[in-house]
Amino acid sequence: MATVLDRRESVTPRRFKKVNLADQRPSFTVYGILIAFILGSAFPFYWSFLVASHDDAEFTATPSLLPGGRFFENASRVLDSIPFWKALGNSVLVSGTVTLSVVVLSTLAGFAFAKLRFKGRGPLMVFVVATLAVPTQLGIIPLYMAMAEFGWSGTLGAVIIPNLVTAFGVFWMRQYIADAVPDELIEAARVDGCSMIRIFWHVCLPAVRPAAAMLGVFTFMTSWNDFLWPLIVLNAENPTMQVALEKLQSGYYVDNSLVLAGTTMATVPILIVFLVLGRQIVAGIMQGAVKG
């Protein structure tokens, strides 16, 4: 009898203590890896500022890891060498317009592909995704001919209009909306008498705010750093920031302090946009995590 009871006790499953993951703290290894990634990501920007704050010949002879005192002097030289403020205004206008258009139109198209039923939806979506495999360089010559035919060559419209919507943005928003917006929520809104525009505005947009913010950051950075197409279609009197910075190293002798001073100044707007939209991304992710 005792052996039977002993066997039953041995077979009885043990109760494990529940572990609350929220109470666990990351190890020093995790902190070390994160710090290494942060330093590795910030070092190129720090190096640019470091070189920009020294004289080029002096820094080449005796490199230093401490900033110098000539950044504002080099920044003043940048302002005298290129039309910096005009290029900055052009880049802000182009990048802001393209970002707003891509986010709005891609969200609309993504909502249609994800939640609406219409003939040819599947093949049309396949065609949109297939355009991602086409190299951008293949369309430069036909696109330039079209811009010249319309009389837009040399104007900012030639840079803005071809980029008002992107296949990546449509695909990105379609995938996110398909998972983030339940069909039952849309049906409930229809029962309440909401039109499709009101469903998109009041149901879809609040749910896809993190994806839209991420798409906005990516689109702004891509448009801000675009160099090849503005170099081809714009003239020297109406450049964007990247085209203007290229003039700093077009001479026989390249002053690295001057070039990196302009690069550092041109990076500030991207940091501001990332800080503003980065809060939206984190807030949306945290909101979705709490609701889940």
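**Exercise 1. By class, how many nonpolar, polar and charged residues does the lining of the largest cavity have?**

Before we start: this is a predicted model, in which local features need pLDDT of at least 70, side-chain atom pairs count only at pLDDT 80 or more, and totals for chains, interfaces and linings use all residues. Residues are numbered from 1 along each chain as its sequence is written, and side-chain values use heavy atoms, with hydrogens and water left out.

Step 1. Get the terms straight. On a 1 Å grid over the protein atoms alone, a cavity is a set of points where a 1.4 Å probe fits but can't get out, while a pocket is an open set with protein on both sides within 12 Å along at least five of seven lines; lining residues have an atom within 4 Å of a point.

Step 2. Collect the lining: S91, V94, S95, V159, S223, W224, D226, P230, T240 and Q242. Helix α5 (84-115) gives the most, with three residues. (Helices are DSSP runs of H or I, at least four residues, numbered from the N terminus.)

Step 3. Sort by class: Ala, Val, Leu, Ile, Met, Phe, Trp, Tyr, Cys and Pro are nonpolar, Asp, Glu, Lys and Arg charged, and the others, Gly among them, polar. That gives four nonpolar, five polar and one charged.

**Exercise 2. Describe the largest pocket.**

Step 1. Its volume, the space filled by probe spheres set on grid points joined across faces, edges and corners, is about 930 Å³.

Step 2. Now the wall: 25 residues line the largest pocket, with T136, P162, N163, V165 and T166 nearest its centre. Two or more residues each come from α7 (140-150), α9 (167-180), α12 (209-225) and α13 (228-233), and α12 has the largest share, five.

Step 3. The class split is 15 nonpolar, nine polar and one charged.

**Exercise 3. Work out how α5 packs on α11 (196-207).**

Step 1. Fit axes to C-alpha atoms over the stretch in contact, and take the angle between N-to-C directions, from 0 to 180 degrees. You get about 105°, with the axes 12 Å apart.

Step 2. Angles of 65 to 115 degrees count as roughly perpendicular, so that's what α5 and α11 are.

Step 3. For contacts (heavy atoms within 4.5 Å), T107, L108 and F111 of α5 meet M196, I199, F200, C204 and L205 of α11. Seven of these are nonpolar, one is polar and none is charged.

**Exercise 4. Locate the salt bridge of D255.**

Step 1. Look for a side-chain nitrogen of Lys or Arg within 4 Å of a carboxyl oxygen of Asp or Glu. D255 pairs with R77, the closest N and O atoms being 2.6 Å apart.

Step 2. Place both ends: D255 sits in the loop between α14 (241-246) and α15 (256-291), R77 in α4 (71-81), 178 residues apart.

Note on methods:
Angles under 35 degrees count as roughly parallel, over 145 as roughly antiparallel, 65 to 115 as roughly perpendicular and the rest as oblique.
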